[in-house]
Amino acid sequence: MIVTDIASNQEISSWNRQTYQRLKLALSIGLRRQLFLAVCDDLNLRNQLADQLYRELGLCAANGSRNHQGYPKLVSLNLNLSEPNPLAQINQWLTDHQESYTSESIPGFQILGIENLTRQPAALQRLFLRHLQAIGHNLSYWELTFLLWLPRPWFYSIQQSVPEFWQQHTGFFEFEGEPTPLSQGVADTPQASYTLPPSTTVIDPGQEDVETLPGQEEVLTVESFNVETPQDNFQPNNVPPTTETETPQDNFQLNNLPPATETETETETPQDNCELNHLPPGTQKPSTGQTYLELGNHYRYLIEQGDASEENLVIAIQAYEQALQWSKFKPIEESAILNDVGNFYWMLSRCPNNDNLMVSYLEQGIKCYQIALTDFLAEQSPEIFSMIQNNLGTAYGELGHYQDLAKNLENSIRAYEEALRYSGADHDMVKYASTQNNLGTAYWNLAQHQSPVPNLKKAIAAYQEAICDHDTTANPQNWAMIQNNLGTAYWSLAQHEQPTVWLKLGIFAYKDALKYRKPEVDPAGYAATQNNLGTAYWHLADQLKEEYGAQAEYFKQCIRAYENALAIAGHQPHPSDQVLNQNRSPIPVNFDIIATYNNLGLVHFQLATQPQFSLTKGSKLTHLEAALHQHVQACMGTVDQPETYQISLNYLIHTIRAFSRENGPAGQSLALSKVPGQLLPEILPRL
């Protein structure tokens, strides 16, 4: 197959070129026991990328000691459809070529042709999944690198059917089908993957290919410099950090309803309520159902006061379930109890020791919410009906992180939309805005997996509605959170269409969020929004390649935002802000600090090395020194993360080389004098 170089192919989108360079670098490092997954539905593009990897890595190996008989560093194998066992095929290849490789020079393997399994019998497809499960169990014994090319349907099937295999992956790379040109004439629009890339890839932080500029003679090889795509750290704990959801509304006030009226009197045995023998003479004994209800209320009170231990949650659930079994409550009272039980199951799913039971608890909670949602409740108490629908939407959204992702997200959306039908802004503005925010987040999550443009536009509409009906004076931090979510949705949409328009709107939204996300009030939220703002500015600058003045200004704004994010997180001082300088202890943040270090260094590097900015020699050195400092911080923070450390070290080495190009041996000496001594043994041989 003859293809043009990926780095110079103008028909390959900017996003796909970035992802390709990350994948190539991950394979080039030569680590063992690595499992990489690459997702691409466009077979022509997939074949072009796989062939390019084969040829480029083969050229890399041809000049080194690892290659002995002209074999490449990466071997391509088509899946054997009659016996779909990738590991057996790899073992057979190694047996056939054992004289050509030593144990230290085993190549990596990329497996193609998995899409052909779709036309094979179901039994053969299940056999393939069983073989993958075995691979997942035995990865720790491997001494090779394994790249599996998947179409999206098979990728989702593997996630759900063989989670043991999925959890073992050490790198994930997602390619998009090549887009048609935008009508506005914007070239090389970054095509976002349906999952935001940085947090899904261990090998990341991701890199963007850059063409050789006039005056740069360095050839683009494995060690050549690739500008990193900004790390869009938008999701902590599997929910976009900046697209935050409300937790289920724990309707503790429902116990203020009149005591449950029982229409039947149960006969109780002595062991049901032993302490009742101590009641004063003539006092009527409560029924078994009433006793269980009081026991549930007692533990519910403890939970409400903050003692939400696993033991208390289990006892409260069992007590309420027994109360429902022994007593007949009014419909609204029964729904209130079922809502509380659903909430307790939801809380149980989040207990640290319940990983194996998490899905079961969520499913039990969903069942409770569903039983609680009756037509009577909708008619008689639409506010409570809306609240339970909101809780149901949240539970479905969390269940989607573990199984049937798209289906559960769609169920979550339907529940939120039902909640909004019975909870207008004129009833409770805070709850209405909260549900709109949750609906927007559900659409945002769904957009990462299917129909991105329409789902992102629905997410934006929901966030906008939440903002319009939110009282900023009552809860300014929630308003700022929703503004931040809106900025994230705009950023995501910019990866698919009209990037300049949507990125500018995203920047406006982030700036609005910062009106209330102040470092002294919400330092973690402030840092996250500043980090997102820096990312949006970087992407916007990348769209203005011919407008040098505007591009340079956006790069400067990007630097300022990233510096603010790092400063408030306590990882570096900010010279111009006393409030930030007062915060010296690092605070927990929901974005990758190392990625932000590298991003900030790369922006400085771009300003220093790209000739269109026409900087003075002194300004170039200033930016290079700033880039060097950031990459040093990244290296020092990743000494226990070999893959990320190597990527950060590559950035550092290329910055030192830029010093040398700019100021000769004196420049290189200056750069090396600023590098910690423990890094020098790895750096000096590569200069």
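Colleague: Which residues of α17 are buried?

Modeller: Happy to go through them. In this predicted model, the buried residues of α17 are Pro 499, Trp 502, Leu 503, Gly 506, Ile 507, Ala 509, Tyr 510 and Ala 513.

Colleague: How do you know that the buried residues of α17 line one face of the helix?

Modeller: Look down the axis of α17: the buried residues fall within an arc of 165 degrees, so they line one face. An α-helix has 3.6 residues a turn, so residues three or four places apart point the same way. As for what covers the buried residues of α17, α16 and α18 (523-542) are included.

Colleague: What makes the length of α17 agree with the expected span?

Modeller: With 1.5 Å a residue, the 15 residues of α17 should span 21 Å, and the end C-alpha atoms are 21 Å apart, so the two agree.

Colleague: Just before that helix sits Gln 495, in the loop between α16 (476-494) and α17 (499-513). Why is Gln 495 called buried?

Modeller: Buried requires a relative accessible area under 20%. Gln 495 has 1%, so the word applies. Its side chain also has a partner: Gln 495 reaches the backbone oxygen of Trp 491 at 2.8 Å.

Colleague: On to the rings. Why is the pair of Phe 36 and Phe 173 called edge-to-face?

Modeller: Planes over 60 degrees apart count as edge-to-face, and centres must lie within 6.5 Å for a pair. Phe 36 and Phe 173 have 75 degrees between the planes and 6.0 Å centre to centre, which fits both limits. Phe 36 lies in strand β1 (residues 34-39) and Phe 173 in strand β5 (residues 171-174), so the pair ties together parts that are 137 residues apart in sequence. Both Phe 36 and Phe 173 are buried.

Colleague: And what makes the pair of Tyr 320 and Phe 344 stacked?

Modeller: The limit for stacked is planes under 30 degrees apart. The planes of Tyr 320 and Phe 344 are at 10 degrees, with centres 6.3 Å apart, so this pair is stacked. Tyr 320 belongs to helix α8 (residues 310-326) and Phe 344 to helix α9 (residues 331-349), so parts 24 residues apart in sequence are tied together. Tyr 320 and Phe 344 are buried as well.

Colleague: How many aromatic pairs does the structure hold?

Modeller: The structure holds 15. There is also an aromatic cluster formed by Phe 155, Tyr 156, Trp 166 and Phe 172.

Technical notes: Residues are numbered from 1 along each chain as its sequence is written. This is a predicted model: local features need pLDDT of at least 70, side-chain atom pairs count only at pLDDT 80 or more; totals for chains, interfaces and linings use all residues. Side-chain values use heavy atoms; hydrogens and water are left out. Helices (H or I, at least four residues) and strands (E, at least two) are DSSP runs, numbered from the N terminus. Buried means under 20% relative accessible area, exposed over 50%, partly exposed in between (1.4 Å probe, protein chains only). A polar contact is a pair of N or O atoms within 3.5 Å; within protein, one must be able to donate a hydrogen and the other to accept it, and residues adjacent in sequence count only if both atoms are side-chain atoms. The expected span of a helix is 1.5 Å times one less than its number of residues. The arc is that of the directions from the helix axis to the C-beta atoms. Contact means heavy atoms within 4.5 Å.
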